[in-house]
Amino acid sequence: MGLIAITREVNTAIGSCELTFLQRGSIDTALAVQQHQNYQSVLSSLGCEIIVVPTEPGLADSVFIEDTAIVLDEIAVLLRPGAASRRPEVAGVEAVLRQYRTLASIQPPGTLDGGDLLRIDNIIFAGLSTRSNQSGIEQLRNIVIDHGFRVEAVKTTKCLHLKSAVSEVAPGTLLINPDWISGSSFSDYELIDINKEESHAANSLLLGQNVMFPASFPRTADKLMTRGINVTPVDLSELQKAEGATTCCSLILTA
Ligand code: CIR
């Protein structure tokens with residue numbers, strides 16, 4: 001059994017991406033492509049086989065593939081992104097995922113973005129956000145309960161997704177921005193606060209013993225390293241301007 005990372009190409013229309021909490025800044029598309037290629041090389045160096053889903057015209061946010069599905073060992077759930085412009089992204093991802101998993105899907109009026117789903121062991125924390133609604137969370141709960149998963153809703157108001165504010169950096173340990181989400185929903189875990197000057201630093205991708213982490217947040221990276229966590233930096237400056245982060249550019253699964 002090996003690890004697979006499914007990624008999706010950067011679309012040339014990324015400059016017209018969805019934005020919610022950020023002001024639009026100019027994105028260097030060529031640099032975004034280069035940084036995304038490096039992101040894939042890092043995933044590969046950490047043991048993942050990379051499968052790239054081609055993008056399609058008009059899918060400005062397609063690189064943020066995480067928002068289209070959640071993949072568990074037993075099943076994959078195709079999501080229904082909260083931004084209508086992003087819903088056409090799901091079909092291309094479905095075509096690849098059906099080779100690896102039985103599929104279920106979120107139906108209207110439910111909406112759910114993968115960035116709102118923080119899975120830790122058999123618990124899925126689900127952000128109730130501007131993108132993900134109660135119906136989406138309820139549908140996910142009904143789909144995964146038979147596979148032994150519990151879904152806990154957590155309201156977010158200050159950031160795009162739940163995982164903008166909290167992510168797992170080691171088994172039982174979460175990196176959190178306490179200004180964006182209360183630690184009270186995560187009292188069973190050890191919490192590490194981000195450095196206060198790096199408000200977007202809470203999103204990291206844990207792969208085995210390593211954490212892929214944006215190069216733009218060195219103070220928080222130092223904090224993690226001081227705790228004995230292996231940090232592998234990735235420069236994602238251009239995708240960050242599109243309100244993207246580390247987890248959102250891949251779907252990780254075992255196969
Ligand atoms: C959006 O607003 O949908 C995209 N521009 C960014 C999505 C980032 N997704 C994620 O962090 N899971």
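**Exercise 1. Which residues come nearest to the ligand, and how much of the ligand does the protein bury?**

Step 1. Start with the neighbours. The ligand has 14 residues around it, and E18, D61, E66, D67 and A242 come nearest. Keep in mind that this is a predicted model.

Step 2. Look for polar atoms facing ligand nitrogens. The side chain of E66 places an N or O atom 2.8 Å from a nitrogen atom of the ligand. For D67, a polar side-chain atom lies 2.8 Å from a ligand nitrogen. A242 uses its backbone instead: an N or O atom there is 2.7 Å from a nitrogen atom of the ligand.

Step 3. Check the cover. Alone, the ligand exposes 350 Å². The protein buries 98% of that area.

**Exercise 2. Take E66 again. Which residue is its salt-bridge partner, and is E66 buried or exposed?**

Step 1. Find the partner. E66 forms a salt bridge with K163, with 2.6 Å between the closest N and O atoms.

Step 2. Place both ends. E66 sits in the loop between β2 (48–53) and β3 (69–71), and K163 belongs to helix α4 (residues 162–165). The two are 97 residues apart, so the pair links distant parts of the chain.

Step 3. Apply the 20% cut-off for burial. E66 has a relative accessible area of 7%, so E66 is buried. K163 has 11%, so K163 is buried as well.

**Exercise 3. How many salt bridges are counted, and which residues share partners in one network?**

Step 1. Take the total. The count is 14 salt bridges. As background, oppositely charged side chains can pair when their charged atoms come close.

Step 2. Examine R86 and E89. Their side chains meet in a salt bridge at 2.8 Å, N to O. R86 is buried, at 4% relative accessible area. E89 is buried too, at 1%.

Step 3. Compare another pair. R219 and E198 form a salt bridge at 3.7 Å, N to O. R219 lies in helix α5 (residues 218–226), while E198 lies in the loop between β11 (190–193) and β12 (205–207). They are 21 residues apart. R219 is partly exposed at 41% relative accessibility, whereas E198 is buried at 3%.

Step 4. Join the shared partners. Salt bridges link D67, R86 and E89 into one network. D67 also appeared in Exercise 1, among the residues that come nearest to the ligand.

**Exercise 4. What is the strand order in the sheet that holds β1, and which strands stand at its edges?**

Step 1. Read the order. It is β2-β1-β15, an open sheet of three strands with mixed pairing.

Step 2. Find the edges. β2 and β15 (251–254) each have a single partner strand, so one side of each lacks a neighbour in the sheet. From one strand to the next, the twist averages 25 degrees.

Step 3. Inspect one pairing. β1 (residues 3–8) and β2 run parallel, over six bridges. Within it, A5 has I50 of β2 as its bridge partner.

**Exercise 5. Repeat the analysis for the sheet that holds β10. What is the average twist?**

Step 1. Read the order. Three strands form an open sheet, β9-β10-β11, with mixed pairing.

Step 2. Find the edges. These are β9 (166–170) and β11; each has one partner strand, so one side of each is left without a neighbour in the sheet. The twist averages 35 degrees from strand to strand.

Step 3. Inspect one pairing. β10 (residues 173–176) pairs with β11 in the parallel sense over four bridges. I176 stands opposite D193 in β11.

How values were computed
Residues numbered from 1 in each chain as written. Predicted model: local features only at pLDDT ≥ 70, side-chain atom pairs only at ≥ 80, totals over all residues. Heavy atoms only, no water. Salt bridge = Lys/Arg side-chain N within 4 Å of Asp/Glu carboxyl O. Buried < 20%, exposed > 50% of the residue type's maximum accessible area, 1.4 Å probe, protein only. Pairing = 2+ DSSP bridges. Axes fitted to C-alpha atoms, helices over the stretch in contact; angles between N-to-C directions. Near = heavy atom within 4 Å. Polar contact = N/O pair within 3.5 Å; in protein donor to acceptor, adjacent residues only side chain to side chain. Areas by Shrake-Rupley, 256 points an atom, 1.4 Å probe, with all protein chains shown as cover.
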